[in-house]
Amino acid sequence: PEGTRVGPDGDLLVGGVSMSGVAARFGTPCHVLDEPHARARAREFRAALPEAEVLFAGKSSPVRAVYRWMAEEGLSLDVCSAGEVEVARAAGVPGARVLLHGNAKTDDDLKAALAHGVRRIVVDSPAEVDTLGALCPAGQEVLIRVIPGVDARTHRAITTGVSGQKFGVAPEALPAVVDRIAAHPNLRLVGLHCHIGSQVGRVAAYEEAVRRMVSLFPGPLTTLDLGGGFAAPYRPGESTFDITGLANRVRIALRQECAARRLPVPNLLIEPGRAVIANAGLTLYRVVAVKPGFVAVDGGMSDNPRPSLYGARYAPRLIGRASGARRVPTAVVGRHCEAGDLIAEDVALPQDVHPGDVLAVPATGAYHYAMASNYNMTPRAAVVSVRDGQTDLRVRRETISDLLRRDLG
Ligand code: LLP
């Protein structure tokens, strides 16, 4: 995070708070969020695209405090489940500022959204139109998710802008969906939506998406939602997504395409998750066991499944004490019963790392807490936020009793 300093004793300070202190006080593994960093990134998106509505992708960090910070910074919220709707409600984010999407929204998802007055719902398939038409109140705003045919060139599991994946409506099928919405008195089509993928570094992909989407407009619409996916750096030396470049190219492309087609310029929506919150986070672990070439910590794929799912790479470091020992190539592995349970494969760590040491893994603010599991009956980690020397426990650590309570014998 931005508010990170290394003290003379090797301790890591984030937001003026000692990370080895957090590890001692709240236990490990522990997800830490730098609140000022998250807020600053949110403001950066707003400042780069003042004409756009920026919706925080709530799935990246479904934490009440985070939703509240985002709302306070002027962001709206994109949610994809009844659970995320309830976090929004609990965080005090009004339905007027929420948008729901999803390729298989259940009745429970829709009911939760409608009960909270979620203003916009993204239709993902022709058949869903009738479900929505039957449930929604008069005047319900809907968008249609379209497959733009833009390859974001990211990992296959998070590529969503091309045909052959499960999201959205093919361009050929769009006119029929538009007609079907028009036939429902309660539904009001306001725009089109797309999302080309996640951890996308290529600004040009968004420009292509704008051009393609405007070319698919069935007539004047007020809204174009470009989705999210803007990449975040995970290791030193990786570059930050160029938000200003994105803003300029998207703005120009939108004006040009609309002018060429004599369409009014729609309101632009974007849905960043990772680019706002990933680098505000880090995870603290305690070293449990050491073998030549391996350091095993007290977490792993239950709090960070990303290396196993996407081949994601991280840069763990030793904190809490200074070490002059030689650095040797080390695999940082987890505590779970699989050889693939890995946090980082080849990092240079001091040779004297020993049980009890604390490791910090940066860039874990997005899709870590959000994707945590209870594999091996492991209680999920706590989420703590820091700012100005102050620490707040945001999500308490799960206990084994929490887990056992659900098992009815
Ligand atoms: N909008 C829609 C419709 C989405 O499906 C997503 C993410 C976003 C916005 C936000 O994308 P972001 O800006 O955060 O990249 N678990 C994976 C990422 C899955 C993203 C799913 N959709 C990972 O850890 O890499």
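A residue is buried if 20 or more other C-beta atoms lie within 10 Å of its own. Keep that cut-off at hand. The model used here is predicted.

**Exercise 1. Decide whether K59 is buried or exposed.**

Solution.
- Step 1: Find K59. K59 sits in the loop between β5 (53–57) and α3 (64–72).
- Step 2: Count its neighbours. K59 has 21 C-beta neighbours inside 10 Å.
- Step 3: Apply the cut-off. The threshold is 20 or more, so K59 counts as buried.
- Step 4: List its contacts. Leaving out residues up to four places away in sequence, K59 touches C80, E84, G273 and A370.
- Step 5: Check the record. An unreviewed UniProt entry annotates K59 as "modified residue: N6-(pyridoxal phosphate)lysine".

**Exercise 2. Work out where the ligand lies relative to domain 1 and domain 2.**

Solution.
- Step 1: Set the domain bounds. Domain 1 covers 4–33 + 278–405, and domain 2 covers 35–276.
- Step 2: Look at the shell. The ligand has 22 residues around it, and A57, S198, G228, G273 and Y367 come nearest.
- Step 3: Sort the shell by class. It holds 9 nonpolar, 9 polar and 4 charged residues.
- Step 4: Name the helices that help. α10 (274–277) and α11 each supply at least two shell residues.
- Step 5: Conclude. Both domains give residues to the shell, so the ligand lies between them.

**Exercise 3. Describe how domain 1 meets domain 2.**

Solution.
- Step 1: Take the spacing. The C-alpha centres of the two domains are 32 Å apart.
- Step 2: Count the contact residues. Domain 1 contributes 23 residues and domain 2 contributes 21.
- Step 3: Find the elements on the domain 1 side. α11 (306–310), β19 (382–387) and β20 (390–395) each supply at least two residues.
- Step 4: Pick the main contributor. β19 gives the most to this side, with 4 residues.
- Step 5: Classify this side of domain 1. It has 16 nonpolar, 4 polar and 3 charged residues.

**Exercise 4. Judge how compact the protein is.**

Solution.
- Step 1: Count the elements. The protein has 12 helices and 20 strands.
- Step 2: Compare the radius of gyration with the globule rule. The radius is 22 Å, close to the 22 Å the rule gives for 409 residues, so the protein is as compact as a globular protein of that length.
- Step 3: Add the box. Along the principal axes, the C-alpha atoms fill roughly 70 × 50 × 40 Å.
- Step 4: Check burial. Buried residues make up 48% of the 409 residues.
- Step 5: Check the contacts. Among those between residues at least 6 apart in sequence, 70% join residues at least 24 apart.

Key. Residues are numbered from 1 along each chain as its sequence is written. This is a predicted model: local features need pLDDT of at least 70, side-chain atom pairs count only at pLDDT 80 or more; totals for chains, interfaces and linings use all residues. Domain bounds come from an automatic or database domain assignment. Two residues are in contact if their C-beta atoms, placed from the backbone, lie within 7 Å. Ala, Val, Leu, Ile, Met, Phe, Trp, Tyr, Cys and Pro count as nonpolar, Asp, Glu, Lys and Arg as charged, and the others, Gly among them, as polar. A residue is near a molecule or strand if its C-beta atom, placed from the backbone, lies within 6 Å of it. The radius of gyration is taken over C-alpha atoms; the globule rule is 2.2 Å times the number of residues to the power 0.38. A residue is buried if 20 or more other C-beta atoms lie within 10 Å of its own, exposed if 12 or fewer, and partly exposed in between; C-beta atoms are placed from the backbone. UniProt positions are given in the numbering used here, feature names are shortened, and annotations may be inferred rather than shown by experiment.
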